[in-house]
Amino acid sequence: MAGERRILTLGGKGSSLSSASVFEFAIASPPMLLKIDPSALARLASASSGQNVQSASPSLKFQQSVPDFLTPEEARAAVLLLLYKVLLGGSSASSSAASQLSDILNNETLTSTIDLDVTRQDDIYLLNSCWPGVALHGICALLDQTASSLATVADAVAALSCEALKADASTAFNFFTDSGDGSSDKDRVAVANDFKVLLNGSKLRGNLQCDQVYNIPIIHGRLRSLCKSIHSSTRVELNSIPSAGGGASEDLTALFSSLAFALQNLGESSWIRAKLCLENLAKDNLFPSLAESFSAGCPHLDSLKASIMSFVSSKMEKNYLRSLHEVYNLSEAVRKILSWEATISFMSLEGSELMENGKVGTQVKEGVDGVSAKPDKKKDKKKKVMGKGTTVLMQFIKDRLQSVTSKVADSSALPEKVAQGFLSFLDLKDPDFEHLLQKVKDVVDSNESRRLPKLPKGTRDFAKEQMAVRERAFSIIGNVFKRHGAMALDTPVFEMRETLTGKYGEDSKLIYDLADQGGELCSLRYDLTVPFARYVAMNGLTSFRRYQMAKVYRRDNPSKGRYREFYQCDFDIAGDETIAADFEVVKILTELLDELNIGDYEIKLNHRKLLDGMLDICGVPSHKVRTICSSIDKLDKQSFDQIQKEMIEEKGLDAETVEKIGSFVKLRGHPLKLLLELKKEGSEFLKNDASNQALKDLEKLFQALDNSKCVDKVVFDLSLARGLDYYTGVIFEAVFKGATQVGSIAAGGRYDNLIGMFGTKRVAAVGVSLGIERVFTIMEQQQKDEKQALRASETQVLVSVLGDDIGLAAKLVSMCWDAKLKAEFLANKRLTKHFDRAKEFGIPWMVIVGEREIKDKTVKLQNKATNVEKVVPTSNFVDELMELMKDASSRSKLANYDKEPKTNSDPNGKKWQIDEAVDIKTHFNS
């Protein structure tokens with residue numbers, strides 16, 4: 001029944017109070033009736049009867065003024081919380097105070113002063129200690145519900161703006177994907193996924209790229225994250241037993257500080273998108289009165305800043321109630337801005353259609369002189385195809401606003417009426433608002449793409465753009481390996497478990513074991529080195545240069561650049577015991593990292609025998625050497641203090657030994673300089689056989705690296721241990737030194753005994769393994785920073801047949817394929833479809849065939865980027881096309897040459913300036 005008052009019951013056994021209940025009670029119109037559960041009154045009466053009756057005094061009175069700056073809903077929420085805390089107070093509260101508070105709340109008009117008659121001094125103490133906190137918690141509950149509601153509505157409104165602005169939303173949101181390594185912001189990814197659902201199928205995508213679109217996942221994701229934290233904290237405070245402490249108020253206000261700035265960011269981005277939509281309407285001279293209404297009715301960015309300043313000022317003065325009140329005011333301003341963004345987006349997308357369908361009596365478009373302009377019929381015929389999600393939302397909104405739009409008789413009044421409709425429709429107090437929230441959730445949750453299974457933790461998909469990066473990287477890596485005489489090898493993705501066990505030290509726990517299948521115990525390969533050693537041993541090889549690029553699996557904890565499934569790119573030399581092989585492997589690593597062009601890096605290098613000798617000098621027992629090496633290997637992730645504690649408490653070394661180890665592992669520097677230091681007369685390393693031999697090996701290695709001009713990229717680091725058990729000689733690890741922190745990106749070393757462990761004769765080997773996933777992470781970050789656009793397709797030519805003649809398209813595209821051109825074809829009557837296809841995939845050349853070309857037996861060759869257009873006979877169009885492509889390539893190289901600096905150096909180091917009037921040969925001849 002209309003006007004019927006709903007009921008809220010407090011104090012039931014096992015019940016709790018939620019933010020939603022507080023919000024619903026505070027804003028209800030007509031006000032809700034408040035009832036106290038009989039069981040709660042019975043508990044209070046029982047507690048009161050157990051008190052000392054001599055302490056009762058009927059003349060006591062509690063009085064509390066409600067701050068006049070609070071809104072009516074804030075005041076009602078505060079008094080409701082006071083009653084609830086009285087009910088929770090138990091033994092020190094009275095049923096009389098609870099009943100009086102219930103009567104106050106059941107009055108339709110809340111008084112500005114709370115007057116209660118109480119019977120005990122304890123009641124006064126409880127009420128006085130409760131009031132500051134409950135008033136604060138009441139606003140917290142309102143903000144909890146408001147913020148979560150605005151977060152949901154903001155997504156829907158921003159999606160409509162993306163449609164109205166024809167923004168390149170997919171490019172923006174594709175940056176926010178779950179990397180699978182635990183480093184992605186889950187809320188940002190969730191927002192991006194929701195927008196993909198809402199905009200799926202939209203044909204309104206354009207080229208607009210702006211921060212207000214690109215930052216949607218960042219701003220909305222941050223708000224979602226805060227809503228979760230606020231909801232959790234508020235739920236605890238609402239249902240906690242009252243106490244006199246004030247620390248919770250300060251803590252809550254600190255949490256809501258973040259919400260205040262998140263709301264400000266949300267409001268600012270919404271306001272700017274609305275302004276961009278208005279500018280687009282102004283270009284088409286549509287709804288000129290809408291800009292005036294927006295300026296007059298929408299809160300300006302200055303009002304958001306003023307609310308923030310008031311919040312900060314009140315917080316600094318420790319007036320926490322006032323500060324949260326300012327955040328609540330800020331949320332209301334943001335709601336109005338969202339309403340205006342929705343209004344302008346709606347008018348951009350549907351305003352003209354409302355007019356055309358006869359909803360309004362006059363034309364939408366007005367000429368500059370105030371005379372109605374005739375609509376462009378050709379333009380009007382083009383149907384706007386929105387996303388599947390936004391289409392459903394738009395229809396829902398149109399249905400709700402029908403009562404407003406159907407009564408408008410003059411086009412100039414339409415924007416104002418629609419704005420009023422949205423301000424009411426997006427009012428959290430409006431009953432229809434809950435329907436909108438539910439509709440948005442239904443659209444997002446019911447979409448088919450949301451039902452797709454999620455990726456396992458530690459894995460990732462590679463989209464087309466990422467695959468382009470990966471294939472380019474693999475091509476570079478493969479070419480470097482082949483340059484050094486390597487041959488390809490592939491091995492099974494799983495091995496016998498006995499093949500892998502005992503080869504990785506403490507890391508053996510990271511091996512993925514497979515379930516027993518028919519009596520064989522198998523495991524997924526942990527790396528490519530052990531399978532290579534197994535292959536060499538099985539086939540009796542004594543010499544083999546091999547490379548392999550394949551996936552490996554580790555049951556590790558995912559982090560930035562660290563996955564459970566990832567590619568390794570390995571190069572190994574088997575059958576060469578000389579230091580020459582070690583040199584070549586390190587040189588290959590420098591070539592790989594230079595040609596991948598990832599930026600600054602360093603290669604940390606050490607020798608396993610030097611490490612063994614160092615530990616022997618320090619007094620580490622031989623049976624503890626391997627486990628201490630594993631501890632030292634963690635120094636790139638943990639401080640020495642942490643490693644020191646582990647070696648003493650867990651691995652049983654004495655403090656003096658550990659201190660000596662610490663003095664050695666801190667040594668690092670330029671290879672040739674540090675080597676000289678370690679070889680000084682009297683050095684302890686020269687007295688140890690293992691370390692002395694290692695220094696001799698390293699001297700030859702560093703000299704070779706110096707002669708090849710790559711020693712400066714190497715750092716001699718005595719803390720490098722490489723925890724794998726199979727290393728026997730030189731060990732090294734490459735580390736990226738840029739802003740993207742991914743850990744080591746490549747590693748390797750000598751393993752002379754690994755192949756012999758499989759029961760065959762000993763075959764020495766050395767190799768390097770590049771962790772390509774981490775390199776991808778660096779390259780992808782570089783693309784984001786530089787905003788590079790990558791072509792996922794290598795297509796050179798699009799054969800465009802204007803019609804549905806598939807046979808003709810097949811003939812022409814086959815001629816291109818036969819000439820080894822990378823070509824696609826499309827048969828469609830609409831020319832724009834062909835241009836859109838070429839633009840989307842970056843296809844430079846088009847072979848266009850329409851009715852005229854078919855009649856004349858010609859084709860039109862076109863390259864929009866270079867403004868080349870030529871009509872040629874169909875019979876030899878491929879030859880003509882290849883000639884044009886060749887000319888375009890030559891011009892491109894010449895243009896790039898012209899951009900290069902014209903100063904050069906001759907072999908003698910003399911600088912010279914190119915002069916077109918001088919024969920360059922003369923310079924060299926002289």
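**Exercise 1. Salt bridges**

Count the salt bridges in the whole structure, then describe the pairs Arg188 with Asp185 and Lys680 with Glu677.

*Solution.*
Step 1. Apply the criterion: a side-chain nitrogen of Lys or Arg within 4 Å of a carboxyl oxygen of Asp or Glu. The search of the whole structure returns 37 salt bridges. The model is predicted, so local features need pLDDT of at least 70 and side-chain atom pairs count only at pLDDT 80 or more, while totals for chains, interfaces and linings use all residues. Residues are numbered from 1 along each chain as its sequence is written, and side-chain values use heavy atoms, with hydrogens and water left out.

Step 2. Take Arg188 and Asp185. Their closest N and O atoms are 3.8 Å apart.

Step 3. Sort them by relative accessible area: buried means under 20%, exposed over 50%, partly exposed in between (1.4 Å probe, protein chains only). Arg188 has 30%, so Arg188 is partly exposed. Asp185 is partly exposed too, because its value is 37%.

Step 4. Take Lys680 and Glu677. The N to O distance in this salt bridge is 3.3 Å. Lys680 is partly exposed because its relative accessible area is 46%. Glu677 has 45%, and therefore counts as partly exposed.

**Exercise 2. A further pair and a network**

Find the salt-bridge partner of Lys860, then name the residues that shared partners join into one network.

*Solution.*
Step 1. The partner of Lys860 is Glu869, with the closest N and O atoms 3.8 Å apart. Lys860 is partly exposed because its relative accessibility is 22%.

Step 2. Follow the shared partners. They link Glu577, Asp582, Arg750, Asp752 and Arg762 into one network of salt bridges.

**Exercise 3. The largest cavity**

How many cavities of 30 Å³ or more does the structure hold, and what lines the largest cavity?

*Solution.*
Step 1. Fix the term. On a 1 Å grid over the protein atoms alone, a cavity is a set of points where a 1.4 Å probe fits but cannot get out; lining residues have an atom within 4 Å of a point. Grid points are joined across faces, edges and corners, and a volume is the space filled by probe spheres set on the points.

Step 2. Count. There are 2 cavities of 30 Å³ or more. The largest has a volume of about 80 Å³.

Step 3. List the lining. The residues are Val153, Ala156, Val157, Leu160, Ala342, Leu393, Ile397, Phe422, Phe425, Leu426, Leu436 and Val440.

Step 4. Assign elements. Helices (H or I, at least four residues) and strands (E, at least two) are DSSP runs, numbered from the N terminus. Two or more lining residues come from each of helix 5 (121-165), helix 15 (388-405), helix 16 (414-425) and helix 17 (431-446). Helix 5 gives the most, with 4 residues.

Step 5. Classify. Ala, Val, Leu, Ile, Met, Phe, Trp, Tyr, Cys and Pro count as nonpolar, Asp, Glu, Lys and Arg as charged, and the others, Gly among them, as polar. The lining has 12 nonpolar residues, no polar and no charged ones.

**Exercise 4. Helix 10, helix 11 and the loop between**

Is Phe287 buried or exposed, and what is its phi? Do the same for Asn285, then place Ser293.

*Solution.*
Step 1. Phe287 sits in the loop between helix 10 and helix 11. Its phi is positive, about 45°, although Phe287 is not a glycine. At 4% relative accessibility, Phe287 is therefore buried.

Step 2. Asn285 is in the loop between helix 10 and helix 11. Its phi is near 60°, a positive value in a residue other than glycine. Asn285 is partly exposed because its relative accessible area is 26%.

Step 3. Ser293 belongs to helix 11 (residues 288-297). Ser293 is buried because its relative accessibility is 14%. Its C-alpha atom is 8.4 Å from that of Ala419, 126 residues apart along the chain.

**Exercise 5. Two more loops**

Locate the cis peptide bond between Ser29 and Pro30, then describe Thr874.

*Solution.*
Step 1. Omega of the bond joining Ser29 and Pro30 is about 0°. Pro30 lies in the loop between helix 1 (19-27) and strand 2 (33-36).

Step 2. Thr874 lies in the loop between strand 20 (868-873) and helix 33 (877-899). Thr874 is buried because its relative accessible area is 18%. The C-alpha atoms of Thr874 and Leu812 are separated by 8.4 Å, with their positions 62 residues apart along the chain.

Definitions and conventions. 1 Å grid on protein atoms, 1.4 Å probe; cavity = no way out; pocket = protein on both sides within 12 Å on 5 of 7 lines; lining within 4 Å.
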